[in-house]
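The following exercises are to be worked with the sequence and the coordinates at hand. Each task is followed by a solution in steps.

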Amino acid sequence: MQETSKLKIGLCQLSVTSEKKVNNEKARSSIEYASKQGAKLVVLPVISTLDSSRFMLICSPSKLIPTIVFKELWNCPNSSDFIALFAEDFEDEESASSFKTMSQVAREQKIIVVGGSVPERSGDRLYNTCCVFSSNGELLAKHRKIHLFDINIEGDIAFRESDTFAAGSDPTVVDTDVGCIGIGICHDIGFPELAMLYRDRGAHLICYPGAFNISTGEALWELEQRARQVFPCSLLSCFIFLFPCTYQSILGTFRTVDNQLFVATCSPSRDSAGSYPIWGHSTLVNPLGEIVATVGHDESVVVAEVDYSVVRITRESLPILKQRREDVYQFIGIND
């Protein structure tokens, strides 16, 4: 972990429109605004396969290098028609306007940008992809969403993200000037194995751009108490549409407490284009499972502080990693 202990984080929750140029301009202005507030690391939201505009910001006051992360699919509405139309080939930078916008603003503001997610076209396939840019505008890493959201609740709802996107196969941990960061997109948060792998590879912050539906408000308290003890991860996905608010906050807390690190989730605002009702509430959670900063459902930017010393103190006080029984079980990363 870097010597710098504290950094500022901003959550930038964007309102997505059906105009790609407008979305690019919104992303740029939001990043610039966050940078002026002292952000060195910024997180943007996803361009989800449903609808979305997610944005988050993180920055380090001791180093003049900001970072920005975009929401899941922030450059287009969450509609398969828009996704195919707005998809970008990152190899062709001149025609990839969203990719180019993120690279340029990272270089101009001298910040790290975690670019939420943008539909990426590679050959005849589409991927839900998050790009991370350095403070000089170079691409540091590219995360293709690993876990696609496919559910079929009989008599209620069926949804197959895999009808639009191909799944990625590579976990993403990137060393930046503001720390070692793991990247996940939306449904990736539901899989503790990925977060465990990120911790083992040195991450002390995981960014999850994503877009969740509005909660029905039913049985939230019971679900919150029982989700971890009773429901296996394969069943938790069924609750995203039923209890998206609780699902997002519970899983964010799980990932922080399980792995003793910070977790940042970033969502689009509720007034984004499209029929998908977005929950919003982009949130930063510390290693103790406490909410450091959050926003409501409107388009907004909030800046808070991340103190990496909390990671060190928590791990020293509760040395879970040292207490693993590797004589009984072992954690193996397939790509190691």
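**Exercise 1. Burial of strand 13**

Determine, in this predicted model, which residues of strand 13 are buried on each side.

Solution. Step 1: In a regular strand, side chains alternate between the two faces of the sheet. Step 2: Sorting the residues of strand 13 by side places G179, I181 and I183 on one side, with C180 and G182 on the other. Step 3: The residues of both sets are buried, and both faces of strand 13 are therefore covered. Step 4: The count agrees with this picture, since five of the five residues of strand 13 are buried.

**Exercise 2. Neighbours of strand 13**

Identify how strand 12 and strand 14 are joined to strand 13, giving the direction in each case.

Solution. Step 1: Strands of a sheet pair through backbone hydrogen bonds, in either a parallel or an antiparallel manner. Step 2: Strand 12 (residues 172-176) runs antiparallel to strand 13, and five bridges join the two. Step 3: One bridge pairs T176 with G179 of strand 13. Step 4: Two residues separate strand 12 from strand 13, and the two strands form a hairpin. Step 5: On strand 14, the relation is parallel, with three bridges to strand 13; here I183 stands opposite C207.

**Exercise 3. The connection and the whole sheet**

State the handedness of the unit made by strand 13, helix 4 and strand 14, and give the strand order of the open sheet.

Solution. Step 1: Strand 13, helix 4 and strand 14 make a β-α-β unit that is right-handed. Step 2: Within helix 4 (residues 192-200), the buried residues are P192, L194, A195, L197, Y198 and R199. Step 3: G202, just after helix 4, adopts a positive phi of about 100°. Step 4: Strand 14 continues to strand 15 through five bridges in the parallel sense, and I206 has V263 of strand 15 as its bridge partner. Step 5: The open sheet comprises six strands in the order 12-13-14-15-16-17, with mixed pairing. Step 6: Strand 12 and strand 17 (291-294) have a single partner strand each, so one side of each of these edge strands lacks a neighbour in the sheet. Step 7: On average, neighbouring strands of this sheet are turned by 20° against each other, direction ignored.

**Exercise 4. The nonpolar cores**

Find which residues have the most contacts inside the largest nonpolar core.

Solution. Step 1: The largest nonpolar core has 29 residues. Step 2: L41, L205 and C207 have the most contacts inside this core. Step 3: Strands that each supply at least two residues of the core include strand 1 (6-13), strand 8 (125-133), strand 13 (179-183) and strand 14 (205-209). Step 4: Another core, of 19 residues, lies apart from the largest one; V42, L44, V105 and F133 are among its residues.

**Exercise 5. Helix 1 and the loop before it**

Compare the expected span of helix 1 with the distance between its end C-alpha atoms, and locate its buried residues.

Solution. Step 1: The 17 residues of helix 1 (residues 20-36), at 1.5 Å a residue, should span 24 Å; the end C-alpha atoms are 25 Å apart, which agrees. Step 2: K20, N23, N24, A27, S30, I31, A34 and S35 are the buried residues of helix 1. Step 3: Their arc around the axis is only 135°, so they lie on the same side of helix 1. Step 4: K21 and K36, on the other side of helix 1, are exposed. Step 5: S15 lies in the loop between strand 1 and helix 1. Step 6: The relative accessibility of S15 is 8%, so S15 counts as buried. Step 7: S15 and S269 are 254 residues apart in sequence, yet their C-alpha atoms are 5.0 Å apart.

Conventions. Residues numbered from 1 in each chain as written. Predicted model: local features only at pLDDT ≥ 70, side-chain atom pairs only at ≥ 80, totals over all residues. Heavy atoms only, no water. Helix = DSSP H or I, 4+ residues; strand = E, 2+ residues; numbered from the N terminus. Expected span 1.5 Å × (residues − 1). Buried < 20%, exposed > 50% of the residue type's maximum accessible area, 1.4 Å probe, protein only. Arc of directions from axis to C-beta. Core = buried A, V, L, I, M, F, W, Y, C linked by side-chain atoms within 4.5 Å. Pairing = 2+ DSSP bridges. Right-handed = clockwise from strand over helix to strand, strands pointing away. Axes fitted to C-alpha atoms, helices over the stretch in contact; angles between N-to-C directions.
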